[in-house]
Amino acid sequence: MVLFARGLYRIARASARASRCQWAFSSLQSPRNQPTQLLESATHFYSPIDSSQKVLGCRAFYSWVSNALANVGHQTQRQSSPAAEEKLDPFSLVADELSLLANRLRSMVVAEVPKLASAAEYFFKIGAEGKRFRPTVLLLMATAIDAPILRPLPDTTVDTLPMELRTRQQCVAEITEMIHVASLLHDDVLDDADTRRGVGSLNFVMGNKLAVLAGDFLLSRACVALASLKNTEVVSLLARVVEHLVTGETMQMTTTSEQRCSMEYYMQKTYYKTASLISNSCKAIALLAGQTAEVAMLAYDYGKNLGLAFQLIDDVLDFTGTSASLGKGSLSDISHGIITAPILFAIEEFPELRSIVDRGFDNPTNVDLALEYLGKSKGIERTRELATMHANLASAAIDSLPESDDENVLKSRRALVELTQRVITRTK
Amino acid sequence: MVVAEVPKLASAAEYFFKIGAEGKRFRPTVLLLMATAIDAPILRPLPDTTVDTLPMELRTRQQCVAEITEMIHVASLLHDDVLDDADTRRGVGSLNFVMGNKLAVLAGDFLLSRACVALASLKNTEVVSLLARVVEHLVTGETMQMTTTSEQRCSMEYYMQKTYYKTASLISNSCKAIALLAGQTAEVAMLAYDYGKNLGLAFQLIDDVLDFTGTSASLGKGSLSDISHGIITAPILFAIEEFPELRSIVDRGFDNPTNVDLALEYLGKSKGIERTRELATMHANLASAAIDSLPESDDENVLKSRRALVELTQRVITRTK
């Protein structure tokens, strides 16, 4: 689930003292865990088979978030057209397929070297408790575009058609998840040159190395899986995604002061970091189905706008948290010097905020100052508006899909539209 | 091909392609020679190409394979240096040392993704598959090296498997890819693969020797970097076969330089270095034999390339650095 991934990513980054080597889940519920303790098992990682308190705690966290999301679903208002429309939970529509996917993913990750397998599996095991946002979108999309195929599918023979196709689309979902997790693992690698004081502990170093290796491992498995699809356009698409992820992360790492305050730069970076993966994999789903270029474009548009809407709300929630008021969020973006949409909008209203931003946010007083300006401005509102606009664009893309009579197709489309609403109304 | 939108990324990725830091471009050399060496009259239509664009198109695609191979190789180096906390690579500061671990990791990822995009552009799914598997092998090999048990560390079989993954797989599979792109028969593709594999193994074995001997023939003059990182290579493995007590020294680890000296003593007494050279020679000869088994040809360029490939097998084992 993107939310989880981002949330955990932020939590991992927030626990500056503990090793940030992505296994800082334990700091969620036992802050007194010493880094060394944490990393003592770094070589084994946290095999979730261990029913250690930390892991159970993580699972509790996940089911809490899952419940919260489910509740959000019940609160959404939505213009429903047919009167007899049942209450639609996008996630449960694909739940069975998802667990099939999860199992396949797990077995795909089994490597010759056990340590690597448990490292890579870690994210998938934990993720299985969560909602698996991206794969959900992809599987729904696969059904939503499932119109009668007008021309022969490339690379498949007619008699293996329906079964084969679905499996291949599931494969895309798996690949997407692998790429996503690999990028998280690599994003968490630290800059020893900057942060090491004196001698880094072995655990610190070990954590970095395994993070790099585990990420490489996942990427390589994704490559092999991609190759097995025997569709070079899809290979191209998803390879470009990896490139975008890297570019986005680097953009975030290496901004000039000018770029940091540019909305255009920010949106571009957000596309690379968040929206590219889901938009291009939606497109891949359509291409695998032999769909027309228009349909593929609509799938892409849906994914892109959904991703952007998601990130914008994410930015808002980082300030507001579960309440509507400012400063209750984790404020992790701003404390890491990451300037997001709300602040960028606020700067447009209050140019003096720009110099505060330039001073950096190591000093918490500066953070408070920025929050003041943000509160006075319409930054939060305008960000929400922008998110809503993107969510609506995503909806519109679904509505523009070629007509269909098939009940499953229609259900999936409604579910995809439902998702666009959930993305903007969620409170965490 | 490596120009990126973000300048830092571009300079990071370009780091090892700049003049002076590029190494001898060993792999691309082999691949381009192989491309010519197998260039026999094509007996059946090439997949994915039309007849009139044939010769030009093919060569370009084969060059592309060479570029892809180099990108994959450099990407793996960038990551390996992060893993090893290396300070220098090819005589210059390693990227991670100069620009930070994270950027090195990102640059490696970037190169890898560029390689994938280039791969896809070849529109040959078998080739994509081959080289994707190479990436997997590189990672597996590196992991094998990082996470050995004491048992595995002293196993010649494990070592050869790891060496295949880390060194030989890339060149063997890209040689094979070259042949496949040319629409060659399965036999020729296999011979290309065999050449690459044996060349790669021979190369690594001599590399192991040189790490002990350096440019002199005597022991201990090499950089000794393998052993000081606790990496047990063929010479030591052979020595252990002769002197089982060396095993316990190895198990103690090599953080202590006295232990290194002790191991070197045993190595000197043993035939470890010799036997490694012999093994390397055997593989070099197998590589030669693969070239000699290629279908006959009258073309002067073809013959020249084949002689060059054979020459390479000799240089690999006689080099002193």
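The exercises below, each with a worked solution, concern a predicted model.

**Exercise 1. Describe chain A by its helices and strands, its buried share and its contacts.**

Solution. Begin with the secondary structure, where chain A shows 20 helices and zero strands. Next, turn to burial: chain A has 428 residues, and 61% of them count as buried. Then consider the accessible surface, which for chain A comes to about 17300 Å², with carbon and sulfur atoms supplying 53% of it. Finally, look at contacts between residues of chain A that are at least 6 apart in sequence; of these contacts, 76% join residues at least 24 apart.

**Exercise 2. Work out how many residues of each chain take part in the contact of chain B and chain A, and how much area the two chains bury between them.**

Solution. The first step is to list the participants: chain B gives 40 residues to the contact and chain A gives 43 residues. The second step is the area, for which a general remark helps: the size of an interface is often stated as the accessible area that is lost when the parts come together. For chain B and chain A this buried area is about 3800 Å², and 70% of it lies on carbon and sulfur atoms.

The third step is to look for specific pairs. Between chain B and chain A there are four residue pairs in polar contact, counting those with both residues at pLDDT 80 or more. On the side of chain B that touches chain A, the elements that give two or more residues are helix H1 (7-14), helix H3 (54-84), helix H5 (101-121) and helix H6 (125-146) of chain B. Sorted by class, this side of chain B holds 19 nonpolar, ten polar and eleven charged residues.

**Exercise 3. Find the salt bridges that cross the interface of chain B and chain A, and describe the one formed by A:Arg221.**

Solution. The rule finds two salt bridges across the interface of chain B and chain A. In one of them A:Arg221 pairs with B:Glu136, and their closest N and O atoms are 3.0 Å apart. Taking the step further, A:Arg221 and B:Glu136 belong, together with B:Arg133, to a network of linked salt bridges.

**Exercise 4. Compare two salt bridges within chain A, A:Glu249 with A:Lys273 and A:Arg382 with A:Glu348, by asking where their residues lie and whether these are buried or partly exposed.**

Solution. As background, a search of the whole structure finds 17 salt bridges over all chains. In the pair of A:Glu249 and A:Lys273, the closest N and O atoms are 2.5 Å apart. The pair links distant parts of the chain, since A:Glu249 sits in helix H11 (residues 232-253) of chain A and A:Lys273 in helix H13 (residues 263-288) of chain A, 24 residues apart. Buried means under 20% relative accessible area; A:Glu249, at 2%, is therefore buried, and A:Lys273, at 9%, is buried as well.

Now take the second pair, in which the side chains of A:Arg382 and A:Glu348 meet at 3.1 Å, N to O. Because A:Arg382 lies in helix H19 (residues 379-399) of chain A and A:Glu348 in helix H16 (residues 341-349) of chain A, this salt bridge ties together parts that are 34 residues apart in sequence. A:Arg382 is partly exposed, with 27% relative accessibility, and A:Glu348 is also partly exposed, with a relative accessible area of 49%.

**Exercise 5. State what the phi values of A:Leu331 and B:Lys123 have in common, and decide whether each residue is buried or exposed.**

Solution. Start from the general expectation that most residues other than glycine have a negative phi. Against this background, phi of A:Leu331 is near 55°, a positive value, and phi of B:Lys123 is likewise near 55°. A:Leu331 belongs to the loop between helix H14 (293-320) and helix H15 (332-335) of chain A, while B:Lys123 belongs to the loop between H5 and H6 of chain B. The last step is accessibility: A:Leu331 is buried at 15%, whereas B:Lys123 is exposed at 54%.

**Exercise 6. Describe the surroundings of B:Thr167.**

Solution. First place the residue: B:Thr167 is in helix H8 (residues 156-181) of chain B. Its relative accessible area is 16%, so B:Thr167 counts as buried. Leaving aside residues up to four places away in sequence, B:Thr167 touches B:Gly200 and B:Gln204. With B:Gln204 there is also a polar contact of 2.9 Å between the side chains.

Technical notes
Residues numbered from 1 in each chain as written. Chains lettered and ligands numbered in written order. Heavy atoms only, no water. Helix = DSSP H or I, 4+ residues; strand = E, 2+ residues; numbered from the N terminus. Buried < 20%, exposed > 50% of the residue type's maximum accessible area, 1.4 Å probe, protein only. Contact = heavy atoms within 4.5 Å. Areas by Shrake-Rupley, 256 points an atom, 1.4 Å probe, with all protein chains shown as cover. Buried area = accessible area lost by both parts, 1.4 Å probe. Salt bridge = Lys/Arg side-chain N within 4 Å of Asp/Glu carboxyl O. Polar contact = N/O pair within 3.5 Å; in protein donor to acceptor, adjacent residues only side chain to side chain. Nonpolar A, V, L, I, M, F, W, Y, C, P; charged D, E, K, R; others polar.
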